[in-house]
Amino acid sequence: MSLRIVVCVKYVPDATGDRHFADDLTLDREDVDGLLSELDEYAVEQALQIADGADDAEITVLTVGPEDARDALRKALSMGADRAVHVEDDDLHGTDVIGTSLVLARAIEKAGYDLVISGMASTDGTMGVVPALLAERLGVPQVTLLSEVSVEGGVVRGRRDGDSASEQLEASLPAVVSVTDQSGEARYPSFKGIMAAKKKPVESWDLEDLEIEADEVGLAGAWSAVDSAAQRPARSAGTIVKDEGEGGRQLAEFLAGQKFI
Amino acid sequence: MAEVLVYVDHVDGAVRKPTLELLTLARRVGEPVALALGAGAAETASVLAEHGAVKVLTADAPEFADYLVVPKVDALQAAVEAVSPVAVLVPSSAEGKEIAARLAVRIGSGIVTDAVDLEAGEQGPVATQSAFAASFTTKSRVTRGVPVITVKPNSAPVEAAPAAGVVETLPVGFSAQATGTKVLSRTPRESTGRPELTEAAIVVSGGRGVNGAENFAIIEALADSLGAAVGASRAAVDAGWYPHSNQVGQTGKSVSPQLYIASGISGAIQHRAGMQTSKTIVAINKDAEAPIFDLVDYGVVGDLFQVVPQLTDEVNTRKA
Ligand SMILES: Cc1cc2nc3c(=O)[nH]c(=O)nc-3n(C[C@H](O)[C@H](O)[C@H](O)COP(=O)(O)OP(=O)(O)OC[C@H]3O[C@@H](n4cnc5c(N)ncnc54)[C@H](O)[C@@H]3O)c2cc1C
Ligand SMILES: Cc1cc2nc3c(=O)[nH]c(=O)nc-3n(C[C@H](O)[C@H](O)[C@H](O)COP(=O)(O)OP(=O)(O)OC[C@H]3O[C@@H](n4cnc5c(N)ncnc54)[C@H](O)[C@@H]3O)c2cc1C
């Protein structure tokens, strides 16, 4: 029996670029390069490993994002995923996390799934809540923030390292899993993988395909609003001293002056 | 006055500091009603009352410990229905955010996560968030439903504000999903005796420059002289020199202490994402060009193996 895995991958602005907000207080995508969120590479990696251990598995990578988000799908396909779904619609501009999770959940249902795998958080919104939201909407168990994951006989198991304890978790499929960057280094696409990716199918769906009304998503349909965004003032230049044998004592003097000692 | 529901983070009845900070923020938008779940829930009441809770709702059942997240969402939803609050505040822990998010969908509300401040506004509570590795500050609101807001540690002072703190047991019916994810075992993290990283007033961190697990003793000695928590960069964690639970940054803990001391850390964007909001930043690095120096209030260009022990000695001498 085939194991159907859907991996959610987000297209995000490069964190090393100059990220900022556009006039409508949404993410400005014009001036900074986008890429597959690095934390989602770990999700693709775990999907590939789980698929390797299954008799028969198919990996679909799914993104909700603008035209360029296709690049994120290509990267995931070149790592070894089988097919891709791109949800793209002008009315999606400015969608918040509640709306995004609605769109993702509908697309996952339409694609068909036994297992959904996500990253632990995107590198732009960094909310870390989409996997839990998907589990809520799909009505299946959430097995999230795993640093170790395995699937066997229709059961997913994993280790979740929390603030105060480390937990071993278990749930029956279908389920939503999210993995951390502790789950295992993601592979680089091989040349063969990159060539093969060019021939793999990328389906494009819009809101109508998912039976979602335009006013349920987008900036106007959002459940939350950003009223203002201000660049943090640059920190005023600090004092920098070169250690010539007294660096530690000079630093102690500074800390005492600030009442830390 | 309108009621505000505050989700209590506690360990066997010991309330964690971020929850007390939430009570300070909650009083700006209404009267705090606290919800404490699981073993020891009732024992949280007195400290919550001292910090402004007019009422403390409690519920205990094996489900809260034996299954992941959903039983707590069921309870929070029951509390929302019982109280009809004007907002729900939850600590921004990994679990707190998941609980808050699922609640938001259930009650048809929007959500704002990782607020670093909160104030009353004409159209409901306004949250301050810090975006793109703390290079932007935004003001956000929930525009539909009961605002669900998660708040980061160190976002407000803990203030005493004695209130009634009437304890009531909240009846909770569990949903079909509640038992979906079993917790097979739980290994509590061993206490180091140092302050909790996210709550500490001072954090002393080491990176790749520390060059070895055994050398972290230098970082720990400085931390102990200052009563600080110990942090680490991902490079140090990936090398196996320090536990992942101490990692500061995008995929580790985000900290906002009064003082952050980085030793042998270059200051990559993902590290900055977790510490840039610290009030005072100090760095020790032998490379004068290291990006961390762009952030510092005070920097020492030098070998940490010289500078850190000297600093530790000096702190200990001054304290003695
Ligand atoms: C700076 C900033 C702050 C924001 N704050 C808020 C807020 O407070 N409230 C709010 O409602 N919205 C907010 N948003 C919008 C929110 O980020 C988007 O709706 C986003 O698509 C989902 O949230 P996330 O990226 O934080 O996801 P996370 O929950 O951090 O992502 C976890 C995982 O979900 C998957 N995933 C997330 N988004 C997508 C996608 N579009 N396509 C495929 N997979 C995906 C990925 O696997 C990812 O690793 C914010 C956006 C930004 C840029
Ligand atoms: C998706 C993603 C998520 C990430 N999340 C995190 C995160 O949460 N936290 C994090 O920290 N990183 C994170 N990283 C990694 C990050 O990009 C950097 O690689 C990392 O922060 C580097 O750690 P470092 O500063 O210790 O090491 P380096 O960058 O190697 O810096 C070491 C520094 O030590 C100095 N040094 C060496 N010897 C000495 C000496 N004797 N005395 C004084 N100074 C000395 C050097 O001059 C150098 O500046 C993430 C990366 C990605 C892609």
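Reader: Which residues are the closest to ligand 1, among those that surround it?
Author: The model is a predicted one. In it, 31 residues surround ligand 1. The closest are Cys8(A), Lys10(A), Asp40(A), Ser122(A) and Gly128(A).

Reader: Between which chains does ligand 1 lie?
Author: Elements of two chains give two or more residues each to the shell around ligand 1. From one side come β4 (57-64), α3 (97-111), β6 (115-119) and α4 (130-138) of chain A. From the other come β7 (111-119) and β8 (126-131) of chain B. Ligand 1 lies between chains A and B.

Reader: Which residue has a side-chain N or O atom 2.5 Å from an oxygen atom of ligand 1?
Author: Two other contacts use the backbone. A polar backbone atom of Val9(A) is 3.5 Å from a nitrogen atom of ligand 1, and one of Val97(A) is 3.0 Å from an oxygen atom. The side-chain contact at 2.5 Å belongs to Lys10(A).

Reader: What percentage of the accessible area of ligand 1 does the protein cover?
Author: Contacts to ligand 1 include the one from the side chain of Lys10(A), at 2.5 Å. On its own, ligand 1 has 930 Å² of accessible area. The protein covers 91%.

Reader: Why is the site of ligand 2 shared between chains?
Author: The closest of the 27 residues around ligand 2 are Arg208(B), Ser233(B), Ser266(B), Gln270(B) and Asn285(B). The site is shared because the residues that surround ligand 2 come from chains A and B.

Reader: Which residue has a backbone N or O atom 2.8 Å from a nitrogen atom of ligand 2?
Author: Arg234(B) places a backbone N or O atom 2.9 Å from an oxygen atom of ligand 2. Lys286(B) has one 3.1 Å from a nitrogen atom. The contact at 2.8 Å comes from Val248(B).

Reader: What percentage of the area of ligand 2 does the protein bury?
Author: Backbone contacts to ligand 2 include the one from Val248(B), at 2.8 Å. Taken alone, ligand 2 exposes 990 Å². The protein buries 82% of that.

Reader: How is the aromatic pair of Phe21(A) and Phe136(B) arranged?
Author: Over all chains there are six aromatic pairs. In this one, the ring centres are 5.3 Å apart and the planes stand at 75°. Planes over 60 degrees apart count as edge-to-face. The pair is therefore edge-to-face.

Reader: Why does that pair of Phe21(A) and Phe136(B) join two chains?
Author: Phe21(A) and Phe136(B) are both buried. They form one aromatic cluster with Phe132(B). Phe21(A) lies in the loop between β2 (11-13) and β3 (34-36) of chain A, and Phe136(B) in strand β9 (residues 136-142) of chain B, so the pair joins two chains.

Reader: Which residue lies over the face of Trp223(A)?
Author: Another charge sits over a ring within chain A: the charged end of Lys110(A) is 5.0 Å from the centre of the ring of Trp205(A). Over Trp223(A), the distance to the ring centre is 4.1 Å. The residue is Arg144(B).

Reader: In β6(B), which residue is the bridge partner of Val4(B)?
Author: Strand β1 (residues 3-7) of chain B is largely enclosed, because four of its five residues are buried. β1(B) pairs with β4(B) over five parallel bridges, where Val6(B) is partnered with Ala34(B). With β6(B), β1(B) shares three parallel bridges. There the partner of Val4(B) is Ala87(B).

Reader: How many of the residues of helix α1 (residues 17-29) of chain B are buried?
Author: The buried residues include Pro18(B), Leu22(B) and Val29(B). Glu21(B) is also among them. Helix α1(B) is largely enclosed by the rest of the structure, because the buried count is 10 of the 13.

Reader: Ser256(B): buried or exposed?
Author: Ser256(B) is found in the loop between α7 (234-238) and β15 (259-263) of chain B. Its side chain makes a polar contact at 3.0 Å with the side chain of Thr277(B). The relative accessibility of Ser256(B) is 15%, so this residue counts as buried.

Reader: In the hairpin of β7(A) and β8(A), which residue takes a positive phi?
Author: Six bridges join these antiparallel strands, and Val149(A) has Gly158(A) as its bridge partner. Two residues lie between the strands. The positive phi, near 55°, belongs to Gly153(A).

Definitions and conventions: Residues numbered from 1 in each chain as written. Chains lettered and ligands numbered in written order. Predicted model: local features only at pLDDT ≥ 70, side-chain atom pairs only at ≥ 80, totals over all residues. Heavy atoms only, no water. Phe/Tyr/Trp six-rings, centres within 6.5 Å; stacked < 30°, edge-to-face > 60°. Buried < 20%, exposed > 50% of the residue type's maximum accessible area, 1.4 Å probe, protein only. Lys NZ or Arg CZ within 6 Å of the ring centre and 35° of its normal. Pairing = 2+ DSSP bridges. Near = heavy atom within 4 Å. Polar contact = N/O pair within 3.5 Å; in protein donor to acceptor, adjacent residues only side chain to side chain. Areas by Shrake-Rupley, 256 points an atom, 1.4 Å probe, with all protein chains shown as cover.
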